[in-house]
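Good morning, colleagues. Please take a moment to look at the sequence and the structure on the screen before I begin.

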Amino acid sequence: MIKKLLNDKIAIGCILIIMITCILGIFAPQLAPNDPYLQDISNKFMPFSLKYPLGTDNLGRCVISRLMYGIRPTIFLSLLTMVCTILLGTIIGIIAGYSRGIVDEVLMRFCDIMLSFPSQVMILAIVGVLGVGIENIIFANIIIKWTWYARMIRGIVIQYRYKNYMLYSKVINTKKSFVMFKHLLPNILSEVIVLATLDIGWVILNISTLSFLGLGVQAPTPEWGAMLSEAKNVMATNPNQMIVPGLAILIIVAAFNLLGDSFRDALDHKEVV
């Protein structure tokens with residue numbers, strides 16, 4: 001798999017984009033040219049310059065500085081959401097797929113109930129009950145999305161359940177927990193990574209969308225969706241303010257999606273004729 005990825009220029013390009021973006025987010029306080037919170041109305045809508053490489057917004061704040069600081073809530077919180085979601089979904093999926101019987105039925109019927117509701121409606125309902133805030137957005141995404149991963153991973157686990165080494169472990173009465181997390185988990189890990197990589201773009205878009213609607217990250221904290229929300233009011237007079245965060249979201253989501261496709265192709269052992 002690693003050899004295939006190293007020979008895939010698209011995968012290498014996506015990894016570089018993601019790594020550079022994450023580095024910019026981690027070192028934003030050191031790399032940002034200006035204070036992202038500093039308002040100066042006299043400098044609003046400034047054009048591109050050495051001091052303001054991407055200009056300023058309607059409040060005179062440096063756009064590139066806000067863009068760099070916005071990486072943390074936009075991407076890092078999305079990654080945190082994905083890690084928590086995939087962890088919960090993997091544990092439930094392994095338990096259901098390996099145990100089968102009544103345990104599998106109860107868990108999967110609960111997943112079916114959760115999956116029967118539109119995800120966006122459920123997220124809005126949870127946020128409506130818990131209140132506005134990025135913490136509640138993350139919690140709502142985890143609660144809604146883990147069921148899909150649990151069902152997908154359960155299907156993967158069932159494919160491995162009847163392998164010879166799994167049957168042998170059952171014959172010699174190996175502990176179920178040992179079999180599930182020492183035999184099953186290492187075998188399905190690569191496929192779980194593919195699922196997570198393919199879906200991280202959805203999480204980024206979802207968090208940015210909810211912030212755009214005013215339900216996630218609140219002003220004046222920089223976040224790409226919130227930056228789009230602020231820019232929509234001045235779209236006619238200063239379109240650059242909307243284009244910059246919009247392109248940032250487009251590029252990073254496309255990078256994760258293309259990387260997920262590359263992972264999936266690398267794991268596909270079938271020959272393409």
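Which helices each supply at least two residues of the lining of the largest pocket? They are helix H2 (9–26), H4 and helix H12 (240–267). I should say at once that this is a predicted model.

Let me stay with that pocket. The space in the largest pocket amounts to about 290 Å³. Its lining consists of 15 residues, and those closest to its centre are Thr-21, Leu-24, Leu-67, Trp-224 and Ala-248. In terms of class, 14 of the lining residues are nonpolar, one is polar and none is charged.

I turn to the second largest pocket, which holds about 160 Å³ of space. Here H5 and H10 each contribute at least two lining residues, and the largest share, seven residues, is from H10. The lining includes Ile-86, Leu-87, Phe-181 and Leu-185. Its residues divide into 10 nonpolar and two polar, with no charged residue.

Next, the enclosed spaces. Over the whole structure, a search finds two cavities of 30 Å³ or more. The volume of the largest cavity is about 50 Å³. Around the largest cavity lie Asp-57, Val-63, Arg-66, Met-227, Glu-230 and Gln-241. Helix H4 (63–69) and helix H11 (224–231) each provide at least two residues of this lining. By class, the lining of the largest cavity comprises three charged, two nonpolar and one polar residues.

The second largest cavity has a volume of about 30 Å³. Three helices appear in its lining with at least two residues each: helix H5 (71–99), helix H8 (134–161) and helix H10 (176–212). Among the residues that line the second largest cavity are Thr-81, Asn-141, Lys-145 and Trp-202. This lining has four nonpolar, three polar and one charged residues.

Finally, the cysteines. How many disulfides does the count give? The count is zero. Why is Cys-84 without such a bond? The closest cysteine sulfur, in Cys-22, is 16 Å from the sulfur of Cys-84, which is too far for a bond. Cys-111 is likewise in no disulfide, for the nearest cysteine sulfur, that of Cys-84, is 17 Å away.

Are these two residues, Cys-84 and Cys-111, buried or exposed? Cys-84 counts as partly exposed because its relative accessibility is 32%. Cys-111 has a relative accessibility of 0% and therefore counts as buried.

Thank you for your attention.

Definitions and conventions: Residues numbered from 1 in each chain as written. Predicted model: local features only at pLDDT ≥ 70, side-chain atom pairs only at ≥ 80, totals over all residues. Heavy atoms only, no water. Disulfide = S-S within 2.5 Å. Buried < 20%, exposed > 50% of the residue type's maximum accessible area, 1.4 Å probe, protein only. 1 Å grid on protein atoms, 1.4 Å probe; cavity = no way out; pocket = protein on both sides within 12 Å on 5 of 7 lines; lining within 4 Å. Points joined across faces, edges and corners; volume = space filled by probe spheres on them. Helix = DSSP H or I, 4+ residues; strand = E, 2+ residues; numbered from the N terminus. Nonpolar A, V, L, I, M, F, W, Y, C, P; charged D, E, K, R; others polar.
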